[in-house]
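I'm opening a fresh notebook page for this one. My plan is to start with a pair of helices, then work outwards to the sheets, the chains and the contact between them.

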Amino acid sequence: MAHSYTPGLKVLHHSKVSKDRRLPIRGEVFKTKGDTVKANEIVARTNLPGNVHMLKVANLLSISPADINDVLKIKIGDEVSKGDLIAENSGIFGFFKSDVKSPLDGTIESVSDVTGQIAIRDKPIPVEIDAYVAGTVKDVISEEGVIIQADAAFIQGIFGIGGESRGDLHMLVSNRNEEILTENLNQSHKGKIIVGGSFLSLEAYKKAIELKVSGIIVGGFNYFDLKEILGYSLGVAITGTETLGTSLIVTEGYGKIKMSKRTFELLNIHNGKFVSINGATQIRAGVIRPEIVIPLEKEELSNIDKSGNGQLGIREGSQVRIIRAPYFGKIGIVQSLPTELQKMESETMVRVAEVKIDNKSYIIPRSNLEMLEID
Amino acid sequence: MKLQKILATDCGSTTTKAILIERIEGEYRLAHRGEAPTTVEAPYEDVTRGVLNAVMEIEELSGRKIIENDQILTTVNGDTGVDLYISTSSAGGGLQMMVAGVVKSMSGESAERAALGAGSIVMDIIASNDGRLAHEKIKRIRDLRPDMILISGGIDGGTISHVVELAEILSAANPKPRLGQNYKLPVIYAGNNKAQDQIKNTLGDMVDLDIVDNIRPVLERENLEPSRDKIHDLFMEHVMQQAPGYKKLMSWTDAPIMPTPGAVGSLIEMIAEKESISVVGVDIGGATTDIFSVFQGKFNRTVSANLGMSYSICNVLAEAGLDNVLRWVPFDIDRKELTNRIGNKMIRPTTVPQSMEELFIEQAIAREALRLSFKQHKDFAVGLKGIQKERTISDAFDQSTSGETLVNMMDLDLLVGSGGVLSHAPRREQSAKMLIDSFMPEGITQLAVDSIFMMPQLGVLAGIDKQDLKDEAKSAALEVFHNDCLIRLGTCINPIGKAKKGDLLLTAQITIDNQKTENIKLYKDDFLRIEAPYKEINIKLNPEKNMDIGAGPNQEINTIIYGGTVGLIFDGRSRPIDIPLDSEKRLQSLKKWSEAINEYPKYNI
C-alpha cells in the first residue's frame, strides 16, 4: 500500500516522556537514580561565573600600560569590593596622587601590560533547575543534572511562546469550537493552565497575563497580535525565552481554528490535573515544538486503550489535517495516494493524496498534509 | 587525464543531492541525479547514510554500480565505479563564525568579507568601536558559541594595543565551540604583524590559535586570500571532524569538502573571470538568501541570515513591511488574513502553494526577500573604506567618498537565480519576472536560473587542486554549467533616464538568423516580451533623448544578445519600479505587466 512520510504532531494518551534536566555548566546534583521527584523540586544547582568588566587603569592614571604593575595594589585572584583601592600612582613628591577604585564587587581576573587594563569578574550567579515533570530519576549525569522519566499523556502544539510553566489544567470551554472570551477569565484562574477551543483574542490574552494565569492552550491565535504581546514582530519561530508570565501553546495554527477533536478530548480527560507545559518552539533543522506533559498515576496506565496502529507515515485510511489554504485546518481521511505527479491550480506539479472530508473528495498536495500521530 | 565519470554530492541541512557527470561524445554532461534526506541528526547521526541513499538513486537510474560494501568505488572498471568523487556541505547549519576587528567599518568589514567569502555565516562582528561595553561583548561571545573566530585589526607595524584588547576580551570570554567539547576553539589571527607575540601570550593555550598574513596590511589594500584559505582548512580539520559521519565522508572524497556557499562563490568568481563579465548570483532558501557578485573583478558574497521563504518568511514580512508585500499581490486581501497565512507557512515550512492565490502570495514575498537581500548586498559590496582618494579638479563637485558600492546595475551582464521559488516556479516567465522586479536590472542583462541547484557541486569540481586533474575538472565544471546547469531565460532590456507617462523611451531593431527583422517601440511603463530562442540575436538599440541603454544618454548600441525560454523582455518601467498606490490602478498595472509576459495565463487577474 502506498504511504508517505509526513511527520505530524504527537497527541498521545500514554508516552514514556524523558526529560534532560542539565545545568549550563558543572555543578551539584541533589538526586540519585530511582528517586521520585515532583515537578517543582530542585534537582541541581550551580554558580555561573559573573560578567567580566574591563577597567582601563593606565588610561585613568595617565601612565604607560607597561608601568601598570608598579601602581597596582592588588594581584590576580584577589577578591575586591566596590570602592576598594585598585591602583594608585605616587604623584609628584607625594602630591597630586591619583587612584582607581573598584566599581564593583568581584575577583581580579587578569592584568595586561600591553593595554594597561585589568579584568574584574562579578560575583557568581546562582542557577537552579527543577524536575519540570513529576516522575522518576532514570539516570544521573555526574555534576551536570538528571534525566527524569515519567509515564504521561503527551501533546505537542504547533507553536508557542513563553518557556516552562506548571499548574492545574482547567477546561475553560465546553466545546472545541468555542473562543476564550475576556469575560470568562477571573481571579480563580491565577496559576492555572487554561484550555480554550478555537481562538484566543489579544484582549483575552492580555487579561490572562494580568491575572497571572500560568499558561493557555488554544487552537488558534492571530499572528498579527503577537507583535503587541512580544513588543516586536516575530520574524523567525525561535521562542521560549520570553518572560510573559503566561505561556501560550497554539495547537493548530494562526487564525481562528477549532482545536482538533483528539487533542481537546485528551485534555478534557485530564481536567483538574497538575500539568507541565513548555511554549519553547524552534522551527528550523532540529525542530522543537511546544509541549504539554500530563503525568499519569499507576492505576491510570492500565485503563489506557493501546489499540492504536502507531503507524509512521500517511497511508490510505490515515486521519490527516490539511495545513495550507484553501482547505487549511480541515481534517479528513486519506482515500488514496496516487503515484503520478499531478498539476495543482497553481500549476505546481506535486505528489498528491485524495482526502475525504465530510463525504466530499479533495485532491491535496501530500506536503500540505499533516498526520495526527496518535496511539 | 580524461575523466569519464564524476560523482558529486551536496549535503544540505535537509536534503543530500547527488549528480553523476559523464563524458558523452567528447563533452561533459549531467547524466543523472538523485536525492535523499540528510542524515546528520538522530536516529542516524551519520552523514554518509544520506550520501549513500542519494547515490543509490543514481545507481538505479544509470544501471551503474557505484557503491560496494557501503563505500564509493573511486576507480572505473567497466560498468562500475567513478573516476572522481567530491562533496560540499552545509549540514548542521553550515559554518558559523564570529569576526573581530579594531574599526568596524575597516578591519571589521574586511574580516567579515573574508569569512563570508569562505562560505560561513557571520554571527556577529566585535569591534573596538562598536559601542558595546567590554562585558557585553564578552557575554555575546560566550552566548553565541561560534565554530571559529577570526581576529583582525591594525595595519602592519601600526599600534598594537587595540587589537590586543580584542584578544583580551576573547580570553575573558573563554568561548567553547558549538559542536563537541573535546577540542579547542579555532581562532585565526590576521591583524598587525607586530602584535603576533602579544596575541600568542594573551590567548595562550586557551584556544587553537593560527596566525596568517594581515587581512589589511596597509589601509589601501585588502588581503583576504590567506584568511579565506585558513578558514577552509580549519573547517575541514576541526568543524567537519565533529559533525557525525564526516570523518568517513572526508576519507571518501578526492578533494577537500567545501562549505556549500563557498563552492558556489568560487564557481561564480571563475565564470566572471573566464568570460570577463559582471555576474550576480542568488540562492534563495527557506531560512537564508545568499547573494554573490563579481563587479570590477571583485568578488563579494553576503548571507541574509533571516530572509527566506519558509523558516524566516515572517521576517521578510517584518523587514519589508506588509504594504511592500501587498503591492505585488494582484488581488485584494484582508491584512490579518494575509499575515495569518504567512505565519502558517512559517510554522509549517514544508507546504507548497496549491491555489493560485497562494502562489501569488508566495511570489510576492519572494520579490521582497530578494529585494531586501540585494539591498544588503549592495551596502556590503563596497570599495575599501578609510582610504584617501586622490582628487583632480574634475572631481571637485563630486561628493563621492571611499566605500561606495561596487554594484553597478548598468554594468551587470548576467543574473543567475536559484533556490526553490525561482528554480521550481511553475512557469519560467514567473522566475524571470521575479528576478526583474526584485533586482531591477538596468541596460542589457542576461537572465538565467540554476535548473536543479548544482552550482555547489560544480564549484568544488572547478576548484580541484590536484595537478593531474585540475584542468580537466575545470573544463568539466564549465561545460556542465553551460549545458545543463543554467536554464537561459533570456535578456532584459531597460533604458534608464527621466521620462513622463506616454514618452517613447527606445526603438529597437532585432534580427534573428539574418532574416527575421522586428522593430520594437518601448514606451514609458510598458513591459513587452518577444519570444526568441537561446541563440545569437543582432540588436540595434536607439534610446531617446536623456535615455541610456549602456553607452550613455541617447547613444545607440549595436550588439549581440541571447534569447531563451522566455525570450527578450523590454522593460519600460522606471527604477525603482513605480507601482501606483491606488488599489484599482495598482491592479491594472500588475495585470498589464503580468499579461505581457504570460506570467499566469490560466488566471484572470
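**Entry 1: a helix pair in chain B.** I looked first at helix 4 (residues 161–173) and helix 5 (residues 196–203) of chain B, which pack at an angle of about 15° with their axes 9 Å apart. My helices are DSSP runs of H or I with at least four residues, my strands are runs of E with at least two, and both are numbered from the N terminus. Axes are lines fitted to C-alpha atoms, for helices over the stretch in contact, and angles run from 0 to 180 degrees between N-to-C directions. Helix 4 and helix 5 of chain B are therefore roughly parallel to each other. (Under 35 degrees counts as roughly parallel, over 145 as roughly antiparallel, 65 to 115 as roughly perpendicular, and the rest as oblique.) The crossing of helix 4 of chain B with helix 5 of chain B is right-handed; that word applies if the near helix is turned clockwise from the far one by less than a right angle, and left-handed if anticlockwise.

I noted the residues that meet: B:V164, B:A167, B:E168, B:L170 and B:S171 from helix 4 of chain B, against B:Q198, B:I199, B:T202 and B:L203 from helix 5 of chain B. Contact here needs C-beta atoms, placed from the backbone, within 7 Å. By class, that contact has five nonpolar residues, three polar and one charged. (Ala, Val, Leu, Ile, Met, Phe, Trp, Tyr, Cys and Pro are nonpolar, Asp, Glu, Lys and Arg charged, and the others, Gly among them, polar.)

**Entry 2: ground rules.** I reminded myself that this is a predicted model, where local features need pLDDT of at least 70, side-chain atom pairs count only at pLDDT 80 or more, and totals for chains, interfaces and linings use all residues. Residues are numbered from 1 along each chain as its sequence is written, while chains are lettered from A and ligands numbered from 1 in the order in which they are written.

**Entry 3: another helix pair.** At what angle do helix 8 and helix 15 of chain B pack? I read about 70° for helix 8 (residues 260–275) and helix 15 (residues 455–462) of chain B, with the axes 7 Å apart. Helix 8 and helix 15 of chain B are therefore roughly perpendicular to each other, and their crossing is left-handed. Among the residues that meet are B:L267 and B:M270 of helix 8 of chain B, and B:L458 and B:V460 of helix 15 of chain B. I counted nine nonpolar, three polar and no charged residues in that contact.

**Entry 4: sheets of chain B.** I followed an open sheet of five strands in chain B, in the order 3-2-1-6-12, with mixed pairing. (Strands pair if DSSP finds at least two bridges between them.) Strand 3 (27–37) and strand 12 (258–259) of chain B are its edges, each pairing on one side only. Strand 2 (residues 15–24) of chain B runs antiparallel to strand 3 of chain B over 10 bridges, and B:R23 is bridged to B:Y28 there. Helix 1 (residues 47–62) of chain B lies across strands 1, 2 and 3 of chain B. Helix 15 of chain B turned up again here, touching strands 1, 2, 6 and 12 of chain B.

Then I traced an open sheet of eight strands in chain B, ordered 15-14-13-16-17-18-24-21. Its twist averages 20° from one strand to the next. Strand 16 (residues 414–418) and strand 17 (residues 443–450) of chain B run parallel, joined by four bridges, with B:L415 partnered by B:L447.

**Entry 5: chain A.** I found six helices and 32 strands in chain A, against 17 helices and 24 strands in chain B. Chain A has a radius of gyration of 28 Å, where a compact globule of 375 residues would have one near 21 Å. (This radius is taken over C-alpha atoms, and the globule rule is 2.2 Å times the number of residues to the power 0.38.) Chain B, with 605 residues, has 25 Å, which agrees with a compact globule's value near 25 Å. I also checked a hairpin: strand 13 (135–141) of chain A joins strand 14 (residues 145–156) of chain A by five antiparallel bridges. Three residues lie between those strands, and A:E143 takes a positive phi near 60°.

**Entry 6: where the chains touch.** How many residues does each chain bring to the contact? I have 43 from chain A and 44 from chain B. Strand 6 of chain A gives the largest share of chain A's side, three residues. That side has 23 nonpolar, 15 polar and five charged residues.

Definitions and conventions: Two residues are in contact if their C-beta atoms, placed from the backbone, lie within 7 Å.
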